[in-house]
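The report below describes one structural model, moving from its surface to its interior. Please read it alongside the sequence and coordinates.

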Amino acid sequence: MTSDIQYRSSLLAKSLKESVEPNFINNSDAYLKDIVEKFVDKQRIAGLAVVDNTGKVITQSSTLPQSLLQSQQTVITNVMDADLENGVFTTYNNKRMYIFASPLEDGKSVVGALVIVQNASYMDTRIFEIIQNNFIRLLIQAIIVSVLSVLLIRWVIYEPIKTMVDALRLARTGSADKPTQYKVSSFFFQPLAKELSRVRQTLLEARLQASEEAKQTLERLDSPWTSQRLQEFIKDIAKDRKIFLISNREPYVHKKVNNHIVVSPPVSGMVTALESVMQSCGGTWVAYGSGDADRDVVDKKDSIAVPPDDPKYTLKRVWLTKDEINGYYNGFSNEGLWPLCHRAYARPIFRREDWEQYKIANEKFAHAALAAMKYTEHPIVFVQDFHLALVPAIIKKSRPDATIGIFWHIPWPNPESFSILPWKKEILDGILGADVVGFHTQLHCNNFIETVSREVESLVDLERFTITRNNHMSFIKPFPISIAFPLAVDKQTEKTDEEKIRKEFGMKSEFIGLGVDRLDYTKGILERLKAVEIFLTKNPQYREKFTFLQISVPSRTEVKRYQDFRKEVETEVERINNIFKKNSWKPIVLSLKAYSHQEVFRFYRLANFCLVSSLHDGMNLVAKEFVAARSDEKGVLILSEFTGASRELASALLINP
């Protein structure tokens with residue numbers, strides 16, 4: 001386009017010079033004026049002008065601004081000095097203009113110049129059109145190429161890999177029962193497919209062998225419990241009946257973090273104990289959806305398959321209002337039943353409005369479970385803990401064919417303590433809707449049986465440990481709950497983890513003590529802090545050589561008693577640290593945050609001892625986790641005699657906190 005405008009300007013100048021030069025020499029200004037006006041607004045010509053050799057404008061088009069010519073005076077002068085035509089681009093009033101000057105001669109010398117000004121703004125428009133058209137063309141081509149590439153990748157690479165991955169997953173999870181060879185269409189993957197077929201067949205054969213071995217060990221009490229043995233045990237007992245577990249706490253929580261949805265397990269002993277069981281046995285887990293992103297990930301039935309990376313069972317969520325949470329959970333459950341069942345000497349609070357919300361919430365959980373098991377014959381229902389005491393009776397009334405168990409994860413108080421509960425008969429009737437009522441210890445079973453015999457009309461059989469009420473029999477049994485916990489550890493990884501933990505908490509001491517608890521007044525945290533103070537007072541030689549790490553996850557933060565307890569713990573830590581701290585050392589490090597099971601495992605491996613000082617505890621799985629984590633047979637467990645775990649872990653150092 002630049003060459004074109006230069007060429008047209010040169011042609012126009014040559015054709016005009018035949019008329020302009022003689023009239024310029026003869027000073028025919030009127031004729032020259034007619035010539036320049038004739039070309040105004042023709043063929044993108046903005047105007048013409050005739051200039052003498054001094055730079056004076058002899059004549060110009062009426063539309064041609066004088067300032068434009070003045071700005072290009074140097075160009076015009078250079079043309080006359082060199083006796084060579086030339087043109088330049090310039091911008092005037094935000095428009096591109098082309099100024100072309102051609103020398104005028106009288107036969108002997110240059111006497112002036114013919115100036116042609118053309119509007120070159122069309123070039124910008126044309127360039128934009130070219131770019132736009134090429135961009136659209138390239139975009140269409142890119143889309144076509146991308147679609148073809150995606151289809152090619154899907155047919156040639158993705159589908160064969162997906163087929164192989166699905167086959168291996170089926171073999172790993174035991175969902176495929178025939179070790180048949182599978183085929184892939186892609187030539188490139190044929191060798192890999194053949195090898196994976198052999199691996200898959202080997203996995204299935206190994207699983208079949210493990211299943212047979214598990215069946216053979218079902219009757220052997222000394223055989224270790226494995227996921228495979230548990231599956232076979234459930235198959236043998238349940239006869240393929242489906243399992244429905246109901247709890248307040250959900251095993252996986254979805255939360256929004258920086259516009260992303262993050263899934264994580266909650267801090268809960270109940271979840272720790274039961275999640276591995278559900279992964280082994282499958283089924284449906286009904287629980288309250290507490291995460292702010294929980295609704296975003298469920299289907300139309302409020303369900304989602306979990307675990308996220310390898311689904312083994314279904315999580316069905318129940319939605320509760322703010323009033324229901326405040327009354328049912330914070331109020332009746334945690335300000336009423338929790339202190340009632342624990343000998344921590346916190347006075348229980350009972351409100352009529354909390355009880356009403358407790359009943360509403362229990363009905364919601366029961367109806368959600370009933371909806372999930374609608375098309376299931378003879379379901380097995382496993383209700384968890386004191387939050388859902390009314391659920392067994394509600395489900396039993398609608399589904400008498402269901403086998404229902406309830407496990408009470410906290411202590412059951414003596415009859416005198418329980419008798420102060422205003423709605424004790426309703427709670428007992430709800431629990432006795434279950435076919436099996438489980439506690440951690442025989443003492444709690446005895447307390448429950450004695451409570452029932454005092455409070456409601458029933459038939460108690462102490463030989464079989466059964467209670468019959470309203471023609472329904474319930475078995476009362478102790479089931480000391482336990483854990484599935486990792487034992488393998490790499491020595492180099494362990495050393496690196498220890499260095500990271502010490503650096504994170506600034507601990508340079510030789511000896512490390514550990515406490516891991518929810519921030520709860522029943523866990524004896526204040527008592528153990530006092531124990532650290534007494535220890536350092538009586539044994540000053542351990543100052544700067546010993547640090548106690550207390551990991552406490554804030555719990556039930558909306559309940560005032562727990563808010564006050566957090567302040568008490570923080571104040572006590574600060575007081576003790578102020579007494580003993582020296583240089584960069586302080587005796588107690590307090591961390592109020594949640595950690596994953598893998599992170600807690602690192603803490604267990606680091607500590608010289610773990611201190612469990614619960615004032616009253618149904619079991620306490622931290623004690624068992626610490627023992628399980630110490631496959632090196634090092635470390636010492638200091639355990640409260642008021643925990644259920646003390647009945648089993650009798651070799652620990654038992655204390656009265």
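Which residues make the nonpolar surface patch of about 980 Å²? In this predicted model, the patch is formed by Phe-135, Ile-136, Leu-139, Ile-140, Ile-143, Ile-144, Val-147, Leu-148, Leu-151 and Trp-155. One of these residues, Val-147, belongs to helix H5, which spans residues 121-173, and with a relative accessibility of 42% Val-147 is classed as partly exposed.

Strand S5, by contrast, covers residues 110-119 and has 9 of its 10 residues buried, so the strand is largely enclosed by the rest of the structure. Its pairings with two other strands, each antiparallel, are set out here.

| Strand paired with S5 | Residues | Sense | Bridges | A bridge pair |
|---|---|---|---|---|
| S1 | 45-52 | antiparallel | 7 bridges | Ala-49 with Val-115 |
| S4 | 95-105 | antiparallel | 9 bridges | Leu-104 with Gly-112 |

The strands S4 and S5 form a hairpin with 4 residues between them, and in this hairpin Gly-107 adopts a positive phi near 105°.

Ala-49, whose bridge partner in S5 is Val-115, also appears among the contacts of Thr-59, a residue of strand S2 (residues 57-60). Thr-59 has a relative accessible area of 7% and is therefore buried, the cut-off for that class being under 20%. Apart from neighbours within four places in sequence, Thr-59 is in contact with Leu-32, Lys-33, Val-36, Leu-48, Ala-49 and Val-50.

Definitions and conventions
Residues numbered from 1 in each chain as written. Predicted model: local features only at pLDDT ≥ 70, side-chain atom pairs only at ≥ 80, totals over all residues. Heavy atoms only, no water. Buried < 20%, exposed > 50% of the residue type's maximum accessible area, 1.4 Å probe, protein only. Helix = DSSP H or I, 4+ residues; strand = E, 2+ residues; numbered from the N terminus. Pairing = 2+ DSSP bridges. Contact = heavy atoms within 4.5 Å. Patch = residues over 30% accessible without salt bridge, like charges linked within 9 Å, V, L, I, M, F, W, Y side chains within 5 Å. Areas by Shrake-Rupley, 256 points an atom, 1.4 Å probe, with all protein chains shown as cover. Salt bridge = Lys/Arg side-chain N within 4 Å of Asp/Glu carboxyl O.
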